[in-house]
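Reader: Could you take me through this structure? I would like to begin with the strand pairing and then move on to the interior.

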Amino acid sequence: CVRSERFQFKHPRSAWMFDPEQVQTEVCVRSERFKFNAAHFVAFRGFRERLHGHNYTASVRMMGPVSNQDGYVIDFGEIKEVVRGVCKQLNERFLCPENSDVMKINRQGENIRIDCEDGASFSIPVSDCAMLPIVHSTAEELAALLWRRVIDAFGTERLSARGITALEISVAEAPSQEARYCRSINNTSPSSFSQPQPCPALTSS
């Protein structure tokens, strides 16, 4: 876990003081347990990958004021519990993009049948699938999906009470390739979450 902090010193003889209106602190949590092993393939008009898998990992960054009551932006333990739960939903599953515009996806009994533009067909047990409201099972769209699920798991009231202003989720398919989805949490309606908003408060790592 890494904290990246910017403090304001109010008085040379006083303790560190935090002004929520002026000072924001960024917290970052990475864990070996923020992972999910899953199969997928990306398909779009005129192209389809072979079915394959990744050992995905995730990380989280949040921005907000430090509480004078407990000294936290938010408890690292809370972040770990939520993100582990979100990752668990995808672990050992086929990541099925329900909103694909090049695949016909239907349930046939206890299986999900997928018919692709190139003529390939797959039949996968329902219990082995994670049915996801995305168009492509790319790291970019998975990061946006995890962002939404982390917000939902925490609850906007909880995050607002802590003064959290921004959230970033990273999803990596491999150590050298990842996608980051970052936006303000001021407007978290389901209809708008797929459109990124600027996140100037979160610094690059």
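**Strands, cores and ring pairs**

Author: Strands β11 and β12 run antiparallel and are joined by eight bridges. Please keep in mind that the model is predicted.

Reader: How many residues does the hairpin from β11 to β12 pass through?

Author: The hairpin joins these two strands through two residues.

Reader: And which residue does A172 stand opposite in β12?

Author: A172 stands opposite E178.

Reader: What about β7 and β8, how many bridges join them?

Author: Six bridges join β7, residues 103–108, to β8, residues 111–116, and the two strands run antiparallel. One of the pairings is between Q108 and its bridge partner in β8, N111. β7 and β8 also form a hairpin, with two residues between them.

Reader: What is the phi of G109 in that turn?

Author: G109 has a positive phi of about 65 degrees.

Reader: Which residue other than glycine has a positive phi?

Author: E92 is such a residue, with phi near 55 degrees. E92 is placed in the loop between α1 and β6, the latter being residues 93–97.

Reader: Is E92 buried or exposed?

Author: E92 is exposed, because its relative accessible area is 60%, and the cut-off for exposed is over 50%.

Reader: Let us step back. How many helices and strands are there in the protein?

Author: The protein has three helices and 12 strands. It consists of 205 residues, of which 44% count as buried. The exposed area is about 11200 Å², and carbon and sulfur atoms supply 47% of it.

Reader: What share of the contacts joins residues at least 24 apart?

Author: Taking contacts between residues at least 6 apart in sequence, 60% join residues at least 24 apart.

Reader: Now the interior. How many residues does the largest nonpolar core have?

Author: That core has 39 residues, and those with the most contacts inside it are F36, M62, I79, L95 and L167. The elements that give two or more residues to this core are β2 (25–40), β5 (52–64), α1 (76–88), β10 (129–132), α2 and β11 (166–174). Helix α2 supplies the largest share, nine residues. Apart from this core lies another, of 13 residues, including A43, V102, I112 and I114.

Reader: Is there a general reason to look for such cores?

Author: In soluble globular proteins, nonpolar side chains tend to be buried together.

Reader: Which residues does I79 touch?

Author: Not counting residues up to four places away in sequence, I79 touches V27, V29, F34, V60, M62, I74 and F154.

Reader: Turning to the rings, how many aromatic pairs are there?

Author: The count comes to five aromatic pairs. One of them is formed by W147 and Y181, which are edge-to-face, with 5.7 Å centre to centre and 65 degrees between the planes. This pair links distant parts of the chain: W147 belongs to helix α2, residues 139–154, and Y181 to strand β12, residues 177–184, with their positions 34 residues apart in sequence.

Reader: Are W147 and Y181 buried or exposed?

Author: W147 counts as buried because its relative accessibility is 0%. Y181 counts as buried as well, at 6% relative accessibility. The cut-off for buried is under 20%.

Reader: Which residues do ring pairs link into a cluster?

Author: The cluster consists of F41, F94 and F122. In addition, R48 lies over the face of F41, at 5.4 Å from the ring centre.

Reader: F94 brings me to A39. Which residues is A39 in contact with?

Author: Leaving aside neighbours within four places in sequence, A39 is in contact with L51, H52, G53, R93, F94 and L95. A39 is found in strand β2. A39 and H52 are 13 residues apart in sequence, and their C-alpha atoms are 5.4 Å apart in space.

Reader: How accessible is A39?

Author: A39 is partly exposed, with a relative accessible area of 24%.

Reader: Last topic: where is I185 found?

Author: I185 is found in the segment after β12. At 10% relative accessibility, I185 counts as buried. Not counting residues up to four places away in sequence, I185 touches W147, I151, L159, I164, T165, A166 and L167.

Reader: How far apart are I185 and E168 in space?

Author: I185 and E168 are 9.9 Å apart, C-alpha to C-alpha, and 17 residues apart in sequence.

How values were computed:
Residues are numbered from 1 along each chain as its sequence is written. This is a predicted model: local features need pLDDT of at least 70, side-chain atom pairs count only at pLDDT 80 or more; totals for chains, interfaces and linings use all residues. Side-chain values use heavy atoms; hydrogens and water are left out. Rings of Phe, Tyr and Trp (its six-membered ring) pair if their centres lie within 6.5 Å; planes under 30 degrees apart count as stacked, over 60 as edge-to-face and the rest as tilted. Helices (H or I, at least four residues) and strands (E, at least two) are DSSP runs, numbered from the N terminus. Buried means under 20% relative accessible area, exposed over 50%, partly exposed in between (1.4 Å probe, protein chains only). A charge sits over a ring if NZ of Lys or CZ of Arg is within 6 Å of the ring centre and within 35 degrees of the ring normal. Contact means heavy atoms within 4.5 Å. Accessible areas come from the Shrake-Rupley method with a 1.4 Å probe; for residues, only the protein chains shown count as cover. A nonpolar core is a set of buried Ala, Val, Leu, Ile, Met, Phe, Trp, Tyr and Cys residues joined through side-chain atoms within 4.5 Å. Two strands pair if DSSP finds at least two bridges between them.
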